[in-house]
Amino acid sequence: MALDAEARQKLEETTRWQPSEAEARIFAEWIDGDYFHPEATGNAEDNYSVAIPPPNVTGVLHMGHALNGSMQDALVRMNRMKGKNTLWILGMDHAGIATQSVVEKRLKEDGIDRHEIGREDFTRRVWQWKEDYATRIKQQYQRLGASCDYERERFTLDDDYARAVRKVFTSLFEKGLIYRDNYMVNWDPGSRSAISDLEVVNREMADTLFSIDYPVESSDRVLTVATVRPETMMADTAVAVNPADPRYADLIGEHCILPLVGRRLPIIADEHVDIEFGTGALKITPGHDVNDFEIGRRHGLEEISVIGEDGRMTEAAGERFAGMTVGEAQVAVAAALREEGALSAEEEYVHSVPFSERSGERIEPLISLQWFCRMEELAAPAIEAVEDGRVNITPDQWKGVYLNWMREIRPWCVSRQLWWGHRIPVWYRGDEVYSGEQPPEGDGWVQEEDVLDTWFSSAIWPFATLGWPDETDELKAFYPTDFLTTAREILFLWVARMIMTGIEFAGDVPFRDVYVHSVIQARDGRRMSKSLGTGIDPLGEIDEHGADALRFGLLSMSSTQDVRYSDAKVQQGRDLSNKLWNASRLILMNIDEPEVRTVPADPQAVEDKWILSRLESTIASVTSLLDEYDFAHAAQEIYTFVFSELCDWYLEIAKPRIYEGDGEIAQVLLHALERTLSLVHPIMPFVTEEIWRYHPYREGHLVVHPFPEAETARRSEQLEASIDHDIALTRQLRGWRDMAGVPPKIVLDAQGDASKVLEFVGRLSRVNIRSGFDGESVATVAGFGILASEGLDMDALTDRLGARRAKLENDQKKIEGKLGNQSFVDKAPPEVVAEEREKLVRLKSELVELG
RNA sequence: GGGCGGUUAGCUCAGUUGGAAGAGCACCUGCUUUACACGCAGGGGGUCACUGGUUCGAGCCCAGUACCGCCCA
């Protein structure tokens, strides 16, 4: 099939790849073709599936999603092209605290407080928000080209999903792993909720360190304690010293008196106390400090709370301070102590202070009644799964990080004092507590007000999205999934928990491979963040350079370490898409479809064999790089092949035959183009699909075209080396011309045997090589005698030849020194020594040529 | 405080088992070569953070120092 007139015209006038014109149209074709929506048939062993890390419905697509999506899509597309039944599960996360707070903030701008409108009305408004944002996020993934199954979109608060969550909770409850306890939690006064350890960020802060004298009972002595939080002293229930500290050994078991309050505090001994810090005596406040809480539990101390959930002092703080904010109380307590003469020192102290990642407020450690999940039993098999390789974590170092954390896992506080989320399936009636998937029978039951931590529902994402707990066809076909790519910051929050629940509830690990990708930082090396204003909008980059360019750029800048966003890499991607487009124009506009589509196993032209060998080598290496998740090198291999080998050399070498209408080269080119497009498609889907539209072999969309499998029979290192030699000669001649200042238009004459090199050497270097010229050659280059010509600038040449000679002589000296070293010759492997000798020979012959 | 990672060309980054350092961008010199100036050809540019050690040979291995970053407490 030759190009029809319309197609030819389109190719002729489109001299640049224009992503904005094509991308939406192409994506619509993929959707119409239903390529992303597989039947739930077959089994997970043969099929390929990936569950997207569900983006939060709080925001829009950011660079992290774009990177993550590019990686997943590359693998998903490659496996789909390999003919596997492939599913990429799409969905969003309700993101409890985050979503509730953005909606709350929005309402506040309209002067609405959520407590005024009530739980039901509030959550209805959040759902409305969710609908808007889920639609936007979905469209943004489509802009990126993500080949998710848009018909199987899931949300962590859907009815079916909620059923799965209740089932998991109830089952853990019945196993006794879920329990309710008064425990120290990270209280976030901003969201008025407990949050998990993993949602706390520590920041360096300068505070005042107060030294307070606690008089020892029936003695003249005082114990001086140092604290940054004097306002919590009303909750002190002991003073602790280190048992190994000789200064206080005699006081252990005695009591001291709490200033301002007058309470008797036992003086206890605990290993935790740092002898070096302050005076070595520590006030113990089990109600308001994490470490003190544990010391208190060890010694059976009373737990007093003087700070309420609103961040204000309670009645228990005494009427002098009750109702004050924590900050106000600190000032008031310090003043009162000063008045009493109990404050012996104040100094500045820099330490690390916990803040809520969500609300940004300082965490108030409080004791409160919360639901917890005990983790050891769930962690054990999840540790094993990584140890024995059923789950493989790449890069390797993260495996160790995962294992360390899992081995020291702590109870997980799963309750949150929010409205937006899965309401905990527990009901109370008097002292009775019931947990079940459905409300209990009978009257008088009241459901728990709290909701579950968002991560409790995301923890079951890979199987809950497939219909669990029902035994669906989807589960059978697509669980476990194959691959998960994630940012390392959610390795514990999310990945570890999925492995635990997967094993516990779905009977198998949730995925085989976890790839922890790098963080793309802002151009200046800072973190990309909305609040810093350092974010780069992927949609803006797509508008400007095209989705293929962004995908290529992100993949090639990704690495095992954090990297700065590189505009140059995105431009490289744009250049590559343009190059593919134009190389294809050259081929498609000048070549007619051959009668036979196959390419001979042994084509006549050596350059044809060469490019086919290079193509198959590239296919082999790109495929294996993608298999080991080395996206950056895969992208670079493709770039080098297309630019350097295919375009700069092969197409230039082949041009005369292209224009002559050579039959064999038509076969070679169309074959090479078909395979190149297929190879590149997983990384740059749009431009390749668009080019494929014009390819005479096209029978359907490229998105489902077979992915090339490397044909080893076409590969020949020997052949590659021989063409590489002629390429090197060409470059040598070109370099010499430039050195000699020969204008590009002038064709030089050179004395030599043209049959010893391929035709292109003379053509591409613009040197007319033949034997039998009259006249003397002025220089010898690569064995050819260059004849005098009007274009030669002999002075410039002499200067530059001198420089070249100096460099060669220097190299020669180095190698001779090496070979003169007896122990090198004796001890180095013979092939290394031989190589050095060859190098020396080459250098010497080039020096001779220079004259 | 514990752990991990980084320091290579002006910039951003690669460097497989130790054999003498690469890419892209930027820079310089040419080129309206009928696929592409988002292009082509040629070129300059590095005490591989520092100090010791192992080795015939170290960017790579070992020990230490400095600075930067991340995770956990």
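This note covers the enclosed cavities and the RNA-facing surface of a predicted model.

1. Cavities. Searching the whole structure yields three cavities of 30 Å³ or more. The largest cavity has a volume of about 80 Å³. Two elements, α6 (159-174) and α14 (491-506), give two or more residues to its lining. The largest share, four residues, comes from α14.

2. Character of the cavity lining. The residues that line the largest cavity include V168, L172, W412, F456, R497, M500 and F505. By class, the lining of the largest cavity holds 10 nonpolar residues, one polar and one charged.

3. Surface near RNA strand B. There are 41 residues around RNA strand B, and R16, S559, Y659, K818 and K827 come nearest. Of the strand's atoms that come within 4 Å of the protein, 65% belong to sugar and phosphate. The residues of this surface comprise 14 nonpolar, 11 polar and 16 charged.

4. Contributing elements. At least two residues of the surface near RNA strand B are supplied by each of β24 (563-564), α17 (567-590), α19 (631-660), α22 (717-739), α25 (822-827) and α26 (830-850). With 10 residues, α17 gives the most.

5. Individual polar pairs. A polar side-chain atom of Y659 is 2.2 Å from a phosphate oxygen of RNA strand B. For R564, a polar backbone atom lies 2.8 Å from a phosphate oxygen of the strand. A base nitrogen of RNA strand B, in turn, is 3.1 Å from an N or O atom in the side chain of E652.

Methods. Residues are numbered from 1 along each chain as its sequence is written. Chains are lettered from A and ligands numbered from 1 in the order in which they are written. This is a predicted model: local features need pLDDT of at least 70, side-chain atom pairs count only at pLDDT 80 or more; totals for chains, interfaces and linings use all residues. Side-chain values use heavy atoms; hydrogens and water are left out. On a 1 Å grid over the protein atoms alone, a cavity is a set of points where a 1.4 Å probe fits but cannot get out, and a pocket is an open set with protein on both sides within 12 Å along at least five of seven lines; lining residues have an atom within 4 Å of a point. Grid points are joined across faces, edges and corners, and a volume is the space filled by probe spheres set on the points. Ala, Val, Leu, Ile, Met, Phe, Trp, Tyr, Cys and Pro count as nonpolar, Asp, Glu, Lys and Arg as charged, and the others, Gly among them, as polar. A residue is near a molecule or strand if one of its heavy atoms lies within 4 Å of it. A polar contact is a pair of N or O atoms within 3.5 Å; within protein, one must be able to donate a hydrogen and the other to accept it, and residues adjacent in sequence count only if both atoms are side-chain atoms.
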